[in-house]
Amino acid sequence: MKKINSSLVFVILISIVLTAVLCGCGKSTVNMEESKQGDVSTAIKEEMAEWPDNDYTRAIIKPAAGTMDYVLYDEEAGYYGVFLKDVSLEEGKQYIQLLQKNGFETVSSDSNSVAIGELLQKDNVGVSVSASENVLAVYIKLNSEDDSL
């Protein structure tokens with residue numbers, strides 16, 4: 001049996017999750033034509049050597065394991081994603097448990113033998129954690145009181 005590259009599994013897992021989320025966001029053909037001119041991604045990817053300090057990262061607990069790799073954020077859309085490397089799947093699971101011990105409640109969860117994904121909520125903070133061997137991704141969304149994940 002071939003060894004599955006954990007990065008490939010992580011990319012596939014993220015692709016499946018994003019596809020499922022975006023399926024509910026479809027537009028009619030008319031609306032798509034109108035919006036093509038205005039659709040511009042404002043997401044920014046930035047390599048980081050240290051854990052960032054901002055409103056998003058202050059809303060959660062910093063993972064104990066891993067090495068900072070990069071962040072991906074979009075101020076317009078209101079999210080901040082932190083990506084760490086050199087993290088085991090077990091350390092990813094422990095991080096999710098730490099969030100739960102600190103008041104975050106699981107909204108949705110899925111896992112298999114090589115990856116785990118967990119969506120958590122506490123007050124106005126939504127956190128999505130994806131973990132596999134060597135990768136931990138933490139997506140943070142700060143919601144107004146009227147918003148939900």
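This short talk looks at charged side chains in a predicted model, beginning with the salt bridges and ending with a buried glutamate.

When the whole structure is searched, two salt bridges turn up, and I would like to take them one at a time. In one of them, the side chain of D53 meets the side chain of R58, with 2.7 Å from N to O. In the other, R58 meets the side chain of D55, and here the distance from N to O is 2.9 Å. If you put these together, you have a network of salt bridges that links D53, D55 and R58.

Where do R58 and D55 sit relative to one another? They are three residues apart in helix 3, which covers residues 55-58, so about one helical turn separates them. As for their surroundings, R58 is exposed, with a relative accessible area of 52%, and D55 is also counted as exposed, at 54% relative accessibility. D53, the remaining member of the network, is exposed as well.

Let me now turn to E118, which you will find in strand 5, residues 115-122. This residue is buried and yet has no salt bridge, and the nearest side chain of opposite charge, that of K93, is 9.8 Å away.

Which side chains, then, make polar contacts with the side chain of E118? One is the side chain of T106, at 2.6 Å, and another is the side chain of Q100, at 3.4 Å. Setting aside neighbours within four places in sequence, the residues in contact with E118 also include I96, S108, S109, V127, S128 and V129.

Note on methods. Residues are numbered from 1 along each chain as its sequence is written. This is a predicted model: local features need pLDDT of at least 70, side-chain atom pairs count only at pLDDT 80 or more; totals for chains, interfaces and linings use all residues. Side-chain values use heavy atoms; hydrogens and water are left out. A salt bridge is a side-chain nitrogen of Lys or Arg within 4 Å of a carboxyl oxygen of Asp or Glu. Buried means under 20% relative accessible area, exposed over 50%, partly exposed in between (1.4 Å probe, protein chains only). Helices (H or I, at least four residues) and strands (E, at least two) are DSSP runs, numbered from the N terminus. Lys and Arg count as positive and Asp and Glu as negative; His and the chain ends are not counted. A polar contact is a pair of N or O atoms within 3.5 Å; within protein, one must be able to donate a hydrogen and the other to accept it, and residues adjacent in sequence count only if both atoms are side-chain atoms. Contact means heavy atoms within 4.5 Å.
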